Amino acid sequence: MKSPLQLLFEAIDQVKDEQDLRSHLAPKIGEYFAAKRSGIFFFDRLPSLDSNLQKTLKVALSIEQNPLARYLVERHAPVHEALVTSPKVWTMICPRPDHWHVMAGPIVNRGQLAGVVGCTREQSMFAFDTQNLADLSAICLHLSVWAATVRFQHQPFKSDRLTSRELEIAELVALGRTNAQIGKEIWITENSVKQALKRMFRKLEVSSRAEMVAQLSATKYHLSSLKKNALLAEQ
C-alpha cells in the first residue's frame with residue numbers, strides 16, 4: 001500500500017498545467033501537512049496577480065524583511081520560522097494569527113529559485129518540525145522536476161536578457177549594497193544605477209529588488225556564472 005507522501009508524488013506527476021497545480025495539488029499539500037493555508041507561487045507570475053495579493057507576497061518574499069525568504073534564496077532548502085528566528089520576532093514580522101507557524105520550500109529551475117511552496121498553521125496548532133521539512137524537501141524535488149519538464153520547457157531563461165554590467169549590478173544588489181555603494185564600486189553615478197535597475201526590472205518582468213534577487217537565485221556563484229556567460233556573448 002502506498003504512503004500518503006507517495007500518493008502526493010504521483011499527483012504531482014499527473015498535474016497538467018499551473019491552474020491544476022494551484023487548484024488541486026496545493027490543497028492536497030496543505031491537507032498532508034495539516035495546514036490552515038497552503039499555496040504554490042512562481043515569481044514570474046507575481047505581476048499578473050491582483051494588487052492586494054501582490055503587496056502581501058512582496059513583503060513575504062522580501063529578503064530584507066523576511067528571514068524565511070532569505071533562507072530560501074541563500075540555501076534553496078525548506079525552512080520554517082522557528083529555524084531562523086524566535087517566536088517574539090516572528091510575530092513582529094508576521095502578526096497574522098493564521099500565519100503563526102509558517103513553512104516554505106523552494107521550486108528550483110536551472111539553478112534559480114523559480115517559485116515557493118508555502119504552508120501555514122494557527123497558534124493553536126502544532127509547530128512544523130524536522131519531519132515536515134524532510135517531507136517538504138521531497139515534495140519540492142518533485143515539483144522542481146515538474147516545473148523543468150512541463151512549465152518551463154518552452155520558456156526563455158530571463159537572466160539571459162541581462163548584460164554583463166547588469167548582472168554585475170544584480171550581484172551587488174544580492175549582497176545588500178545600496179545604489180550609492182554600487183555606483184561607487186563600479187564607477188558610475190547613483191542615478192545611473194537607478195536607471196539600470198529600472199531597465200533590469202523591465203527585462204525580468206519584476207517590480208522590486210527582492211523579486212529580482214529571488215528570480216536570479218541570488219547566490220554569488222550563480223550570478224557570477226551568468227555574468228561570465230554574458231561577457232562571452234558580448235564578445
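**Exercise 1. State how confident this predicted model is, and locate its lowest and highest values among the elements.**

Solution. The model is predicted, with a mean pLDDT of 82 over the chain and 80% of the residues reaching 70 or more. Next, consider the elements: the chain holds 12 helices and four strands. Among these elements, strand β2 (residues 79-80) has the highest mean pLDDT, 96, and helix α12 (residues 220-234) the lowest, 45. Finally, examine the C-terminal stretch: over residues 218-235 pLDDT stays under 50, and the model has 33 contacts beyond four places in sequence for these residues.

**Exercise 2. Describe burial and contact range over the whole chain.**

Solution. Begin with burial: of the 235 residues in the chain, 46% are buried. Then take the contacts between residues at least 6 apart in sequence: 61% of them join residues at least 24 apart.

**Exercise 3. Determine how helices α2 and α7 are oriented to each other, and identify the residues in contact.**

Solution. Two packed helices are described by the angle between their axes and the distance between the axes. Here the axes of α2 (residues 18-32) and α7 (residues 130-151) come within 13 Å and cross at roughly 175°. An angle over 145 degrees counts as roughly antiparallel; α2 and α7 are therefore roughly antiparallel to each other. On the α2 side the contact is made by E18, L21, L25, I29 and Y32, and on the α7 side by D135, I139, L143, W146 and R151.

**Exercise 4. Decide how the buried residues of α9 are arranged around the helix.**

Solution. First list the buried residues of α9 (residues 179-186): N179, I182, G183 and I186. Viewed down the axis of α9, these residues fall within an arc of 100°, so they line one face of the helix. Just after α9, W187 takes a positive phi of about 65°.

**Exercise 5. Analyse the largest nonpolar core and the elements that contribute to it.**

Solution. In soluble globular proteins, nonpolar side chains tend to be buried together. The largest nonpolar core has 30 residues, of which L72, I169, V173, I182, L197, M200 and M212 touch the most other members. Two or more residues each come from α4 (67-75), β3 (101-109), β4 (112-121), α8 (164-174), α9, α10 (190-204) and α11 (209-215). The most is given by α10, with six residues. Apart from this core lies another, of 26 residues, including F9, A11, C140 and L143. To see the packing around one residue, take I169: not counting residues up to four places away in sequence, I169 touches I182, I186, A196, L197 and M200.

Methods:
Residues are numbered from 1 along each chain as its sequence is written. Side-chain values use heavy atoms; hydrogens and water are left out. Buried means under 20% relative accessible area, exposed over 50%, partly exposed in between (1.4 Å probe, protein chains only). The arc is that of the directions from the helix axis to the C-beta atoms. A nonpolar core is a set of buried Ala, Val, Leu, Ile, Met, Phe, Trp, Tyr and Cys residues joined through side-chain atoms within 4.5 Å. Contact means heavy atoms within 4.5 Å. pLDDT is the predictor's confidence in each residue, from 0 to 100. Axes are lines fitted to C-alpha atoms, for helices over the stretch in contact, and angles run from 0 to 180 degrees between N-to-C directions. Angles under 35 degrees count as roughly parallel, over 145 as roughly antiparallel, 65 to 115 as roughly perpendicular and the rest as oblique.
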